[in-house]
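Reader: Before I rely on any label in this structure, I would like to see how each one was earned. Could we go through the contacts one at a time?

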Amino acid sequence: MSMQGSRMQTTGSPPLLEVASVGKSFGALAAVADVSFALRERDILGIAGPNGAGKTTLFNLITGTPFFPDSGRVTFRGTRIDRMAPHRIFRLGLARTFQKEASFANLTVEQNVSLGATYGAGLSGRARERAVDAALERLDLSAMRRQPASSLTVYGTKRLMLASAIVVGPKLLMLDEPASGLTASEVADLQSLILGFRDDGMAILLIEHILPLLFGISERVMVMDFGRKLIEGPPSEVARDQRVIDAYLGGQSEAAHALAG
Amino acid sequence: MGAIIVSGLVSGALYALVAAGLSLIWGSLGVFNFAHGVLLMTGAYAAWWISSPDGLGLGLGIGIVGALAFMVVLGLVVYLLLVRPWIGKANAELAVIMTTIAGSIFLQNLILEIFGGRYKTIDQVVTGTVAIGGTTIQAQNLLVIILAPVLLIAMWLFLTRNRTGLAIRAVAQNQDAAQLFGIGVERIYIATFSVSAVLAGVAGILLGGLFNISPDMGTDPLLRAFVVVVFGGLGSLPGTILGAYAIGMIEAFSSYYIGIYWTPVVLFVVLIGVLVVRPTGLMGRPT
Amino acid sequence: MRLQVEAISAGYGRVRVLHEISIAVDNQRVGLFGPNGHGKTTLLRTISGLIRPTAGRVIFDGKDITGRSPQSIVGEGLVHVPQGSTLLPRMTVLEALTLGAYSRRAWPRRRSTMEQVFSLFPRLAERRAQRCNTLSGGERQMAAIGAGLMGCPKLLMLDEPTLGLAPKLRAELAQAIHAIAATGVGLLVIDQDIDMLLGLCDRLYLIEQGRVALDVVDRSAIQHQDVLKRYFGSAA
Amino acid sequence: MKKDWTRIGRIASIVVVLAVAAVAPLVLTGGVAQNLAVLSILYAVVASNWDLTLGYAGIFNFAHVAFFGIGSYVAAIATLQFGVPVWLDLILAVVVVVAVGGLVSALALRLRGIYVALVTFALTQLCVALINSAKDITGGPVGLIGVPDLEIRGFELGSEPHAYFYAAEVLLILSTIAMRWLATSHFGLSLVALRDYEAYAVARGIPARRQRVLAIMASSIPTSLAGCLYAHYLIVASPDVFSFSLTTLLLSMVLVGGAGTIYGPIVAAIVLTVGTEGLHQLGNIRYMIVAVLIVLTLRFLPGGLWSLWTLVPAIRRRRATRVPSPLAEEASS
């Protein structure tokens, strides 16, 4: 059913990202099993599911960090990437962020972004400066550009992680729980940032536990449980699905209804 | 052929004792003790000093017991001075490599200052020879071949049956969970270091009975133990023991058939071969 | 009052997670809920001594245990079962349970306690020789709770016991937790499953941004919808 | 205004360094003093090169000192056994060492952390084994004696007491400029990024293995040249250069001086070489003193001697934007 859904959507234009029957096991545990979905340009696909459902592992499989899938295919812009080194995947225009706020703590804010421009897009000289300036400006980091990255706040570090991703003008941005640990106003700011990136032509793949954000901006939502894809569809449909309620939303379902409806 | 196997078994047994100690510390603390070879040497000297007429002259029995008791204390001192201050800090791995190297320089030169550089000999625990099949074996060699597995099995029982032994493994696998069980991590680290030092001491005393003892007698066993732990996989006791015997055998056979000078080359090639196939050693886990 | 947390502040490095938070656990079952990343787990870690608070006090059974080692806190009978799938991946169930009784108070009683744990979780008895990393998700959770019980707790703190479990297993585990509560052990439980918490607890705290955002003492007064609105309202 | 002072300070320190470099060989004329000076300068080259891979890149490459040793043996074997003209052997040494470094690191960097240290350490042992087993070419445990002097148009460097001193200084200055340039370039930043958070760095397009292999190859170039100079200067190539104790000495220079600074190891190389020699009459006790100093430095000055410099508040402010030592991270937070 869900497979059909994604196929139907791919008939129009060729998908930007196509994940086909991807699986990965650690010993006896199937962390991700037979997951398929597709994403077109400027799509926003939200991924939800309980902790340990395999969401981050799925991200790791798509970006090749730090392991490859056992089975299945991942295609990005027409190129197979399921056995490709992670740095090459980034150069193809697929940028991700990490669940834990990450930065190169010993480098300055500017150097953090500049590295992305240098190694991700092969920029140098004036072109690099311009790209870095624009990315810093976009994420409101220009004032802190000479500070060490370790001096930033939680949200500052998250913005820096985004700046070092968008500096290369990626086609797809994969965000792993970007809103965790943020205050309400920061979440609101993040939401408008993400929508802005989409308007600039990036597709977004978003893992998020803060459901208003996830259901609010996703065009479609995929729910995972036990490494498998439970359902994929428009937010309103997903929120009402009994399996989703059982596996994930539980008592939250009524609120999800309210939000989706 | 019998002689080659005996020599391989003896080396394998000694390497297993040395490498098991290294592996144990790596498993629980995530640091590498470069002073392990010098601990081995110190154990041999302690046994010699207590037992020999040139020292206290108390006889081999008291020498061995005294030396092993001394090793417990020495393990504690090494832990407290050279390891503990860096645990949990950034780059503890590198800092502890350096501090334990510094510790080994200190101990080695201290021994050299106290006892001089001349070779000494410890009495063999058992003397004479034994004939098995067509091969004549020095009794001390036979002792090593039998004693090492006995000790390793004792250690295995300790780690799976004893309250402290179980706690050592728990700390190695999940420090937070161990603490929440009420295990005092600090005490366990000390126990780990002491057990490891005792193993080094036993190896030193056995080695001292086979060859002369000297301030640099720990260097070669330590270098071999490096190869063993990489080969077998750090932190995995079965892997370490398997690796030790494998290296001992490879060494014995290649010394005989290819030549003693080429043996390190053969070992290195084998090592690289293993690592190309399995980057974490035969049975090791990713770090 | 069995456990009293008074105006605790704590965090990791420069990041402050808890802001002068206070909660109380009497002879009752208390639940903590709220969005991820807002300090629930940090609160338990601070109570059990894994994190040293920067301010405030923790009082257990009338004793001030602030800043004491996890070891001595377990010794007092305050046991924390952490979140996460596998406690001791390469140990057998039997070894892990035995270690649960490591504290001096619990060690002499370990055999009889283990009988009780096995009667509560018969599945663990069947799996006793198996390594923890070969257990299923539900069995791992049972082993973790069982190891916690081996410490003979006066108060048991459970961090998301039903995490990642299928509905049927979740119900089964909730039943076991009820059975534990019936023996007189105090409970402080974090869970995302509000229905389960509502069925189990006498008192609920909603934790947001390291503070108590809502303290529900009278369970009958809880307006389900209100709580949920509050829960989701944080970001909406 | 402040920027001007920074600049003036920098120019002043360059002038001072060059002046000292020019004058030192003329002042230190005694045979012992000169010998010690040349040795400490060559060690400074090796230690500061090692800092690029150990301090900046965080790679536990324990074969670095072997690059120095292989350099000295290539010089000796090429000139003595194959009659390669002097100077050409320097080029040969660089080629051989870079090739060995590239090959070994490409293999060893499949591993991580301590495994890299153990395997690269094993390589150093392999060198000794090869020297011992191929006696005909290498001279075995005794080594090779009679390595010819370097000469320029018939002028033999050994005939003039200052010549090797200046040669070593030139190598150190050029190597330091190169290492600082590499360390502060985007290449160096990428090494630090990989050291601090590899998964994130590769997700920003930085090829982990390639950068690290390149770092090791780059650091091996001046190191191999130092090895050549060492052989030509001492007229011998000896297996002692592969010993555990030399590796230890050089490693302590990197860490005591301050990993991740390039300058620190240079200072420590001079201090430690001269210091241990100055305490000559103490015999083995001097090594014990050095060992204690190493532990105390790592304990109380985790950024190394060079971090003393940053205790000056004005400099500390300026250095805030630089790359601090990996060992100092914890101390500062």
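**Contacts between domains and between chains**

Author: In this predicted model, 20 residues of domain 1 of chain A are in contact with 16 residues of domain 2 of chain A.

Reader: What makes these two parts of chain A separate domains, and which residues belong to each?

Author: The division comes from the domain assignment, which gives domain 1 as 12-93 + 170-261 and domain 2 as 98-168. The C-alpha centres of domain 1 and domain 2 of chain A lie 24 Å apart, and the two domains bury about 1,600 Å² between them, with 62% of that area on carbon and sulfur atoms.

Reader: Why is the pair D200(A) and R138(A) called a salt bridge?

Author: The closest N and O atoms of D200(A) and R138(A) are 2.5 Å apart, and the rule asks for a side-chain nitrogen of Lys or Arg within 4 Å of a carboxyl oxygen of Asp or Glu, so the pair qualifies. The count between domain 1 and domain 2 of chain A is one salt bridge, while the count of residue pairs in polar contact between these domains, both residues at pLDDT 80 or more, is eight.

Reader: Which elements supply the side of domain 1 of chain A that touches domain 2?

Author: Helix 3 (86-91), strand 7 (172-176) and helix 7 (184-199) of chain A each supply at least two residues of that side, and helix 7 of chain A gives the most, with six residues. By class, this side of domain 1 has ten nonpolar, four polar and six charged residues.

Reader: Turning to chain B and chain D, how many residues of each are in contact?

Author: Here 43 residues of chain B are in contact with 41 residues of chain D. The area buried between chain B and chain D is about 4,100 Å², and carbon and sulfur atoms give 81% of it.

Reader: How many salt bridges does the rule find across the interface of chain B and chain D?

Author: The rule finds zero salt bridges across that interface, and three residue pairs are in polar contact between chain B and chain D, counting pairs with both residues at pLDDT 80 or more. The elements that give two or more residues to the side of chain B that touches chain D are helix 3 (60-83), helix 4 (92-115), helix 9 (219-232) and helix 11 (263-277) of chain B. Of these, helix 4 of chain B provides the largest share, 14 residues.

Reader: What classes of residue make up that side of chain B?

Author: The residues of the side of chain B that touches chain D divide into 33 nonpolar, seven polar and three charged.

How values were computed
Residues are numbered from 1 along each chain as its sequence is written. Chains are lettered from A and ligands numbered from 1 in the order in which they are written. This is a predicted model: local features need pLDDT of at least 70, side-chain atom pairs count only at pLDDT 80 or more; totals for chains, interfaces and linings use all residues. Side-chain values use heavy atoms; hydrogens and water are left out. Contact means heavy atoms within 4.5 Å. Buried area is the accessible area (1.4 Å probe) that two parts lose on being put together, summed over both. A polar contact is a pair of N or O atoms within 3.5 Å; within protein, one must be able to donate a hydrogen and the other to accept it, and residues adjacent in sequence count only if both atoms are side-chain atoms. Helices (H or I, at least four residues) and strands (E, at least two) are DSSP runs, numbered from the N terminus. Ala, Val, Leu, Ile, Met, Phe, Trp, Tyr, Cys and Pro count as nonpolar, Asp, Glu, Lys and Arg as charged, and the others, Gly among them, as polar. Domain bounds come from an automatic or database domain assignment.
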